[in-house]
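Got the viewer open and a hand on the mouse? Let's take a walk through this one, selection by selection.

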Amino acid sequence: MSASPALDAILARIASAAQSAGRNPSDIVLTAVSKQQPWDAVAPVLAAGQKVFGENRVQEALARWEGRREGLELRLIGPLQTNKVREAVALFDVIETLDRDRLAVALAETAARSGRSPRLYVQVNTGEEPQKAGIAPLQADAFLHRVRSELGLPVEGLMCIPPAGEPPGPHFAFLAKIAARNGLARLSMGMSGDFETAITFGATSIRVGSALFGDRSPPAA
């Protein structure tokens with residue numbers, strides 16, 4: 001019996017959605033969103049063979065994965081403050097939330113000093129929500145040109161979080177269109193409630209938390 005029936009169920013749903021879309025399930029990476037989860041919830045998923053985990057905060061990720069890092073891929077999927085860039089570059093394999101020039105410059109400078117450069121995704125605010133991080137869609141092409149051509153950063157894809165309460169499909173299609181015209185093949189999109197739709201629109205990685213681990217524990221007061 002698997003250490004994580006929830007993981008088995010998610011993998012089966014990924015396979016079904018991929019096959020329905022005429023895609024190979026092995027082309028889709030499952031990022032297990034371990035943020036704010038107790039280790040007792042994460043351990044069975046890790047033991048069942050999951051190797052890619054997503055975290056929202058640098059300090060929380062450092063505390064969780066210290067001494068457990070080997071053989072895993074860690075992805076930062078929450079906003080990154082410039083004063084945390086050095087620690088983030090040292091810890092994460094992938095940073096999915098590059099969304100502004102100041103952060104791009106800090107990442108480029110840190111990569112040059114450290115000799116380490118995580119793979120990067122640019123976060124696009126497809127719904128243009130003022131409270132949400134991400135580059136505005138109309139600025140995405142110019143921003144991508146700057147970070148890749150002028151700063152030399154290894155951007156491999158785009159990420160988005162559609163507005164709550166709106167059908168996600170048009171946002172996924174919009175992100176895919178921006179990626180295609182900029183020659184980017186990777187799309188991080190889709191979460192617990194909509195990852196099958198995201199797979200239909202070409203997601204190459206999905207971010208699943210509550211469907212794997214249950215609802216997150218509230219932060220301590």
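What follows is a series of stops, each with something to select and a word on what is there. Keep in mind throughout that this is a predicted model.

**Stop 1: the core**

Start by selecting L98, L107 and L158. Within the largest nonpolar core, which has 57 residues, these three touch the most other members. As background, nonpolar side chains in soluble globular proteins tend to be buried together.

Now keep L107 and hide the other two. Which residues is L107 in contact with, once neighbours within four places in sequence are left aside? Light up L80, V85, V89, I95, L98, L120 and L153, and you have the list.

**Stop 2: helix 5 against helix 6**

Switch to cartoon and colour helix 5, residues 101-114, along with helix 6, residues 137-150. The axes of helix 5 and helix 6 are 11 Å apart, and the two pack at an angle of about 15°. That angle is under 35 degrees, so helix 5 counts as roughly parallel to helix 6. As for handedness, helix 5 and helix 6 cross in a right-handed way.

Bring up side chains at the contact: D101, A104 and V105 on the helix 5 side, facing F143, R146 and V147 on the helix 6 side. Colour the contact of helix 5 with helix 6 by class and you should get four nonpolar residues, two charged ones and no polar ones.

**Stop 3: helix 6 against helix 7**

Leave helix 6 coloured and add helix 7, residues 169-181. At what angle do the axes of helix 6 and helix 7 cross? Roughly 25°, with the axes coming within 10 Å. This makes helix 6 roughly parallel to helix 7. The crossing of helix 6 with helix 7 is right-handed.

For the side chains here, pick P137, A140 and D141 from helix 6, then F174, I178 and R181 from helix 7. Sorted by class, the contact of helix 6 with helix 7 holds four nonpolar residues and two charged ones, with no polar residue.

**Stop 4: two positive phi angles**

Time for some backbone. Most residues other than glycine have a negative phi. Select Q36, which is not a glycine but has a positive phi of about 60°. You'll find Q36 in the loop between strand 1 (29-33) and helix 2 (39-47). Q36 has a relative accessible area of 24%, so Q36 is partly exposed.

Next, jump to E128, again not a glycine, with a positive phi of about 50°. E128 belongs to the loop between strand 5 (119-123) and helix 6. Is E128 buried or exposed? Exposed, because its relative accessibility is 53%.

**Stop 5: E60, back beside Q36**

Select E60 in helix 3, residues 58-65. Setting aside residues within four places in sequence, E60 is in contact with S34, K35, Q36, Q37 and E55, so you meet Q36 again here. Try the distance tool on E60 and K35: they are 25 residues apart along the chain, with 7.7 Å between their C-alpha atoms. E60 is partly exposed, at a relative accessible area of 22%.

**Stop 6: two buried residues**

Move to G78, in the loop between strand 3 (73-76) and helix 4 (85-91). Relative accessibility for G78 is 0%, so G78 counts as buried. Show E55, N56 and T97 as well, which G78 touches when residues up to four places away in sequence are not counted. E55 also turned up among the contacts of E60.

Then go to V208, in strand 8 (residues 205-208). V208 is buried too, at 0% relative accessibility. What does V208 touch, not counting residues up to four places away in sequence? I10, L30, T31, A32, V33, S192, F195 and F213. For a longer look across the model, draw a line from V208 to K177: the C-alpha atoms are separated by 23 Å, with those positions 31 residues apart along the chain.

**Stop 7: S117**

Finish at S117, in the loop between helix 5 and strand 5. S117 is partly exposed, given its relative accessibility of 39%. Leaving out neighbours within four places in sequence, S117 is in contact with A111 and P154. Then draw one last line, from S117 to F195: 28 Å from C-alpha to C-alpha, for residues 78 apart in sequence.

Methods
Residues numbered from 1 in each chain as written. Predicted model: local features only at pLDDT ≥ 70, side-chain atom pairs only at ≥ 80, totals over all residues. Heavy atoms only, no water. Axes fitted to C-alpha atoms, helices over the stretch in contact; angles between N-to-C directions. Helix = DSSP H or I, 4+ residues; strand = E, 2+ residues; numbered from the N terminus. Parallel < 35°, antiparallel > 145°, perpendicular 65-115°, else oblique. Left-handed = near helix turned anticlockwise from the far one by under 90°. Contact = heavy atoms within 4.5 Å. Nonpolar A, V, L, I, M, F, W, Y, C, P; charged D, E, K, R; others polar. Core = buried A, V, L, I, M, F, W, Y, C linked by side-chain atoms within 4.5 Å. Buried < 20%, exposed > 50% of the residue type's maximum accessible area, 1.4 Å probe, protein only.
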